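Welcome! Please take a moment to look over the sequence and the model shown here before reading on.

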Amino acid sequence: MTLDPHLVASSWLAELASTIQRGDVEAASELFLPNGWLRDLLVFTWDIRSLDGRGAVRSYLRQRLSNAQITEVKLEGTAHLSPQTSYVPQIRAIDVEFAFTFECHKGHGRGYCRLLPDHDGSFKAFSVMVMLSDLRGHEELRTLHLRDDLTGIPGRNMQEEFAAWVRSVETKPYVLIVGAGQTGLQLAARFKSMQIPALVIERNARIGDNWRKRYPTLTLHTIKRHHTLLYQPYPSNWPEYTPRDKLADWLEHYASVQDLVVWTDSELQPQPKYDSATSTWNVTIIRGVEEATIRPAHIVLATGTLGEANIPDCPGRHAFCGKVLHSDGYDGGASFSGKRVIVIGAGNSSIDICQDLVFHNAQSVTMIQRSSTCVMSRDFLSSIQRTIWSDDWPVEVADFKTAAWPIGLQKRMAMANEDMMWAAEKELHDKLRKGGVQLNMGPDGAGLYLLTLERLAGLWQDKGGADLIADGSIKVKNGIFPERFSETGLVFSDGSELPADAVIFATGYIPIKESNRKLFGDDVINQTTEVYGLDAEGELKGSYRPSGHPGLWFATGDFFTSRFYSKLLALQIKARQLGIVPTTPALE
């Protein structure tokens with residue numbers, strides 16, 4: 001008998017709608033597999049939650065289902081989101097998956113469901129995601145604000161109205177976004193569409209300088225569809241892996257096209273004070289040589305998941321006759337031609353720099369690997385990304401379907417496929433082991449993607465470095481760490497010494513929370529939760545969700561994360577702007 005996905009989806013959704021209408025939590029939870037998951041994005045609470053297993057789903061809904069007031073549950077007829085069958089390679093099964101819409105007491109909602117047959121053949125939920133998509137009466141704008149055609153309307157002037165809006169945002173922003181990288185700009189674009197006045201400040205002289213100042217061979221490791229910016233796709237002839245300077249210029253272009261209000265050469269001054277009586281911050285900004293004071297209700301820190309450069313303490317640096325720098329200050333391999341270079345660290349920056357040094361004829365290049373690294377090929381990971389962010393459907397659809405997978409479930413499926421990942425990368429790993437690289441397969445064997453979410457360190461995507469390690473062009477010393485400098489090189493923990501003309505620390509960055517401690521002070525930062533990594537439910541800690549301190553938010557993660565989660569943060573802030581939720585709601 002041929003499987004009819006529309007019939008399966010309609011039947012299951014009708015049962016769900018009926019149980020919700022009756023308020024029957026027990027029956028609703030029975031629509032999930034025993035190991036099914038529920039991901040709640042602001043529907044049942046004002047937080048981001050994931051529930052693992054029928055029992056957890058039952059307990060969660062028992063406390064919240066009736067208050068959500070869910071009605072009008074319907075299949076979504078949008079192309080690419082209507083009921084369909086799909087092969088899920090991680091579990092080697094065919095599911096029935098579909099999107100649906102609903103109304104709730106907060107506003108409009110959307111959901112995405114993946115069904116699998118139970119032991120008796122009936123289809124039940126393997127995973128369900130529900131999401132608040134808009135606040136009723138305050139829906140996201142689909143056209144640039146104040147840019148509609150006003151020709152022929154007496155008394156209206158588009159340019160004057162837009163200029164007045166900019167002045168209003170600059171003097172009375174509801175939100176201050178610190179950092180005009182891809183995360184800060186996508187947030188600003190989303191806030192603008194949600195009619196949340198947001199001012200962005202950037203300490204560099206130009207938007208994109210945070211990328212222009214990185215090492216010159218840097219290109220993004222993800223495909224262009226993955227790192228597309230919100231609302232604004234790249235031209236059709238854009239390179240698959242965006243180079244550093246192209247991205248920097250595109251960010252500058254994006255801010256202009258999206259009409260974002262950005263102050264460059266501007267720095268937030270220590271320490272902004274929060275006034276709990278007015279629920280606003282007292283903020284001083286130095287813009288060029290001028291001082292400005294504003295009182296936003298919210299500050300969003302979008303200064304990068306990882307903050308200031310981390311250089312481990314290594315005695316004797318003053319005695320070393322060579323050059324010492326962090327990868328953050330590496331400006332290309334030309335000046336290292338003929339030099340003996342040691343690179344401390346074995347992550348993405350390290351391998352990129354080592355390759356560049358070889359290509360610029362450094363006399364010797366030695367990578368110091370202090371602990372094992374998760375290495376997967378860019379080609380392998382890109383092939384997975386192309387199945388998700390396919391050219392066959394819009395980026396928004398890909399984001400929605402990707403976000404429908406609870407991260408904890410993604411990890412569990414990845415762990416079950418550890419052997420497959422090792423097998424797929426055997427040729428690459430053989431080359432690396434030949435050169436002395438110690439390898440792992442990420443947290444609990446879950447692979448590189450989960451490692452980026454849990455640590456954002458100890459990994460690299462290989463695009464030729466393994467070949468240079470295998471042939472000896474890049475030498476590797478593993479399981480040791482630098483103990484002290486000598487006049488002519490580095491002495492290591494095993495007692496060995498390596499001569500060098502230059503030492504480059506590719507040792508990562510200080511986390512965003514600690515990087516902002518001096519700026520905000522201990523009193524504020526100590527009230528915030530951990531930021532980044534995964535919590536017990538598998539959700540990002542402290543990112544795009546309440547931080548623990550009123551009016552202070554952290555925005556972290558890659559392009560997809562900030563593109564999708566920007567809506568969740570905008571909804572939370574808009575709800576506070578409208579008085580729908582208190583400024584300091586209790587954390588669950």
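This report walks through some sheets, side chains and backbone details.

This is a predicted model, in which local features need pLDDT of at least 70, side-chain atom pairs count only at pLDDT 80 or more, and totals for chains, interfaces and linings use all residues. Residues are numbered from 1 along each chain as its sequence is written, and side-chain values use heavy atoms, leaving out hydrogens and water.

**Strands and a helix**

Helices (H or I, at least four residues) and strands (E, at least two) are DSSP runs, numbered from the N terminus. Two strands pair if DSSP finds at least two bridges between them. Let us begin with an open sheet of 3 strands, which pair in parallel in the order β21-β20-β22. β21 (439–440) and β22 (459–462) each have a single partner strand, so they stand at the edges with one side lacking a neighbour in the sheet. Strand β20 (residues 373–377) joins β21 over 2 bridges in the parallel sense, and one residue of this pairing is Cys-374, whose bridge partner in β21 is Asn-440.

Helix α13 (residues 426–434) lies across β20, β21 and β22, and runs at about 135° to β20. Such angles run from 0 to 180 degrees between N-to-C directions, with axes being lines fitted to C-alpha atoms, for helices over the stretch in contact.

Another parallel pairing, over 5 bridges, links β18 and strand β19 (residues 364–369). Here Arg-340 has Ser-364 in β19 as its bridge partner. Of the 5 residues in strand β18 (residues 340–344), 4 are buried; buried means under 20% relative accessible area, exposed over 50%, and partly exposed in between (1.4 Å probe, protein chains only).

**Cysteines and an arginine**

How many disulfides does the structure hold? There are 0, where a disulfide is a pair of cysteine sulfur atoms within 2.5 Å. For Cys-104, the nearest cysteine sulfur is that of Cys-113, 17 Å away. Cys-314 is also without a bond to its closest cysteine sulfur, in Cys-321, because the 15 Å between them is too far.

Arg-190 lies in helix α5 (residues 182–193) and is buried, at a relative accessible area of 10%. A polar atom of the Arg-190 side chain lies 2.9 Å from the backbone oxygen of Arg-563. Beyond its neighbours within four places in sequence, Arg-190 is in contact (heavy atoms within 4.5 Å) with residues including Glu-140, Leu-230, Tyr-231 and Phe-564.

**Aromatic rings**

Rings of Phe, Tyr and Trp (its six-membered ring) pair if their centres lie within 6.5 Å; planes under 30 degrees apart count as stacked, over 60 as edge-to-face and the rest as tilted. The count comes to 19 aromatic pairs, including these two:

| Ring pair | Centres apart | Planes | Kind |
|---|---|---|---|
| Phe-100 and Phe-102 | 6.1 Å | 35° | tilted |
| Tyr-274 and Trp-281 | 5.1 Å | 65° | edge-to-face |

Both Phe-100 and Phe-102 are buried, and Trp-281 is buried at 0% relative accessibility. Ring pairs also link Trp-389, Tyr-544, Phe-560, Phe-564 and Tyr-565 into a cluster.

**Backbone details**

Tyr-544 has a positive phi of about 60° although it is not a glycine. Its place is the loop between α18 (522–525) and β29 (552–554). Is Tyr-544 buried or exposed? Tyr-544 is buried, with a relative accessible area of 0%.

Asn-361, in the loop between α8 (348–359) and β19, has a positive phi near 65° and is exposed at 55% relative accessibility. Finally, the peptide bond from Pro-270 to Gln-271 is cis, with omega near -25°.

Technical notes: Polar contact = N/O pair within 3.5 Å; in protein donor to acceptor, adjacent residues only side chain to side chain.
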